[in-house]
Amino acid sequence: MIPERRGLILAALTVTTLAACNPGGLSAEKRGAFAPGTKPGAQAVDGLLVGHRLMEAGEYELALKAYYRAAGQHGATAEILSGIGSADLKLGRLNQAEQMLRRATEADQTFVPAWNNLGVVLMERGKYAEAARVFKLAFALDSGQSDAIKQNLKRALAKIEEPGYAAPQDKQFTLVRKGVGDYLLLTKH
């Protein structure tokens with residue numbers, strides 16, 4: 001071993017030993033059941049907020065876990081179920097996404113983002129007539145305020161009315177978040 005290195009190792013061991021002997025260092029009274037930096041009774045950040053932020057960051061698997069944590073805290077609300085369905089959609093789990101979004105619309109029949117997102121899933125699955133019906137309902141519930149829903153409805157109607165309008169097989173839909181629980185369906189070229 002190089003003498004310089006041996007000196008550094010001995011110095012590090014000495015400092016560690018002195019820190020353990022110091023009453024302010026590693027004393028038993030300071031240790032507890034909680035990790036450093038946490039306080040008993042501290043509030044965790046809301047899983048719904050974390051889920052929305054993770055969706056924006058493209059971390060869909062983590063967002064899904066955050067939404068499930070939020071469901072454990074708040075119950076299965078329409079917004080949480082819609083978030084779970086949207087995360088499943090982004091992960092390509094269309095059956096699960098459709099199931100969750102249908103549950104969201106049952107939980108709150110006036111929750112526009114859930115209806116819109118259900119329409120997006122139905123478009124992905126090639127169920128254009130049902131998607132058009134869902135988008136019409138979302139558009140009516142939103143009083144025509146959302147351009148995103150209007151565009152989604154136009155796409156669904158175009159797929160129904162013009163059989164030759166079918167998009168090439170290599171096109172995929174993408175879901176873009178436009179606010180709290182509001183998503184826009186776009187196509188990738």
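**Close-up views of a predicted model**

**View 1. The stretch annotated as a TPR repeat is mainly helical.** Over residues 112–145, the chain is 79% helix and 0% strand. The end C-alpha atoms of this stretch are 11 Å apart. The range comes from a UniProt annotation, "repeat: TPR", in an unreviewed entry. The model shown here and in the other views is predicted.

**View 2. The whole chain, for orientation.** The protein has 8 helices and 2 strands. Their order from the N terminus is α-α-α-α-α-α-α-α-β-β. Of the 189 residues, 33% are buried. The accessible surface comes to about 11600 Å², with 55% of it belonging to carbon and sulfur atoms. Among contacts between residues at least 6 apart in sequence, 47% join residues at least 24 apart.

**View 3. Confidence along the chain.** Mean pLDDT for the protein is 80. A value of 70 or more is reached by 65% of the residues. Which elements mark the lowest and the highest mean pLDDT? Helix 1 (residues 3–21) has the lowest, at 59. Helix 5 has the highest, at 95.

**View 4. Helix 4, mostly covered.** Of the 13 residues in helix 4, 11 are buried. Among them are Ala78, Ile80, Leu81, Ile84 and Leu89. Ser82, Ser86 and Asp88 are also on the buried list, as are Gly83, Gly85 and Ala87. The helix length checks out: at 1.5 Å a residue it should span 18 Å, and its end C-alpha atoms are 18 Å apart. Glycine 92 follows helix 4, with a positive phi near 80°.

**View 5. Aspartate 88, a buried acidic side chain in helix 4.** Helix 4 runs over residues 78–90 and includes aspartate 88. Is this residue buried or exposed? Aspartate 88 is buried, because its relative accessibility is 3%, and the cut-off for buried is under 20%. Beyond its neighbours within four places in sequence, aspartate 88 contacts Leu64, Arg93, Gln96, Ala97 and Met100. Two of these partners, Ala97 and Met100, are themselves buried residues of helix 5.

**View 6. Arginine 93, in the loop between helix 4 and helix 5.** Which residues does arginine 93 touch, its neighbours within four places in sequence left aside? The partners are Glu61, Leu64 and Asp88. With glutamate 61, arginine 93 makes a side-chain polar contact of 3.0 Å. Leu64 is also a contact of aspartate 88. Arginine 93 counts as partly exposed because its relative accessible area is 30%, between the cut-offs of 20% and 50%. Valine 121 is 28 residues away in sequence, yet the C-alpha atoms of arginine 93 and valine 121 are 9.7 Å apart.

**View 7. Helix 5 and its cover.** Helix 5 covers residues 94–107. Its buried residues are Ala97, Glu98, Met100, Leu101, Ala104 and Thr105. What covers them? The cover includes helix 3 (60–74), helix 4 and helix 6. An α-helix has 3.6 residues a turn, so residues three or four places apart point the same way. Among the buried residues of helix 5 are Ala97, Met100 and Ala104. For the 14 residues of helix 5, the expected span is 20 Å, and the end C-alpha atoms are 20 Å apart, in agreement.

**View 8. Helix 6, mostly covered.** How many of the 13 residues of helix 6 are buried? The count is 12. Trp115, Leu118, Val120, Val121, Leu122 and Met123 are among them. The polar pair Asn116 and Asn117 is buried as well. Helix 6 spans residues 112–124. Its end C-alpha atoms are 19 Å apart, which agrees with the 18 Å expected at 1.5 Å a residue. Glycine 126 follows helix 6 and has a positive phi, near 80°.

**View 9. Serine 143, a positive phi outside glycine.** Most residues other than glycine have a negative phi, and most peptide bonds are trans. Serine 143 has a positive phi of about 55°. Its place is the loop between helix 7 (128–141) and helix 8. Serine 143 is exposed, because its relative accessibility is 57%, and the cut-off for exposed is over 50%.

**View 10. Alanine 148 and tyrosine 183.** Alanine 148 belongs to helix 8 (residues 147–161). This alanine counts as buried, at 9% relative accessibility. Where is tyrosine 183 relative to alanine 148? The two are 35 residues apart in sequence, and their C-alpha atoms are 7.4 Å apart.

How values were computed
Residues numbered from 1 in each chain as written. Heavy atoms only, no water. Helix = DSSP H or I, 4+ residues; strand = E, 2+ residues; numbered from the N terminus. Buried < 20%, exposed > 50% of the residue type's maximum accessible area, 1.4 Å probe, protein only. Contact = heavy atoms within 4.5 Å. Polar contact = N/O pair within 3.5 Å; in protein donor to acceptor, adjacent residues only side chain to side chain. pLDDT = per-residue confidence, 0-100. Expected span 1.5 Å × (residues − 1). UniProt positions renumbered as here; feature names shortened; annotations may be inferred. Areas by Shrake-Rupley, 256 points an atom, 1.4 Å probe, with all protein chains shown as cover.
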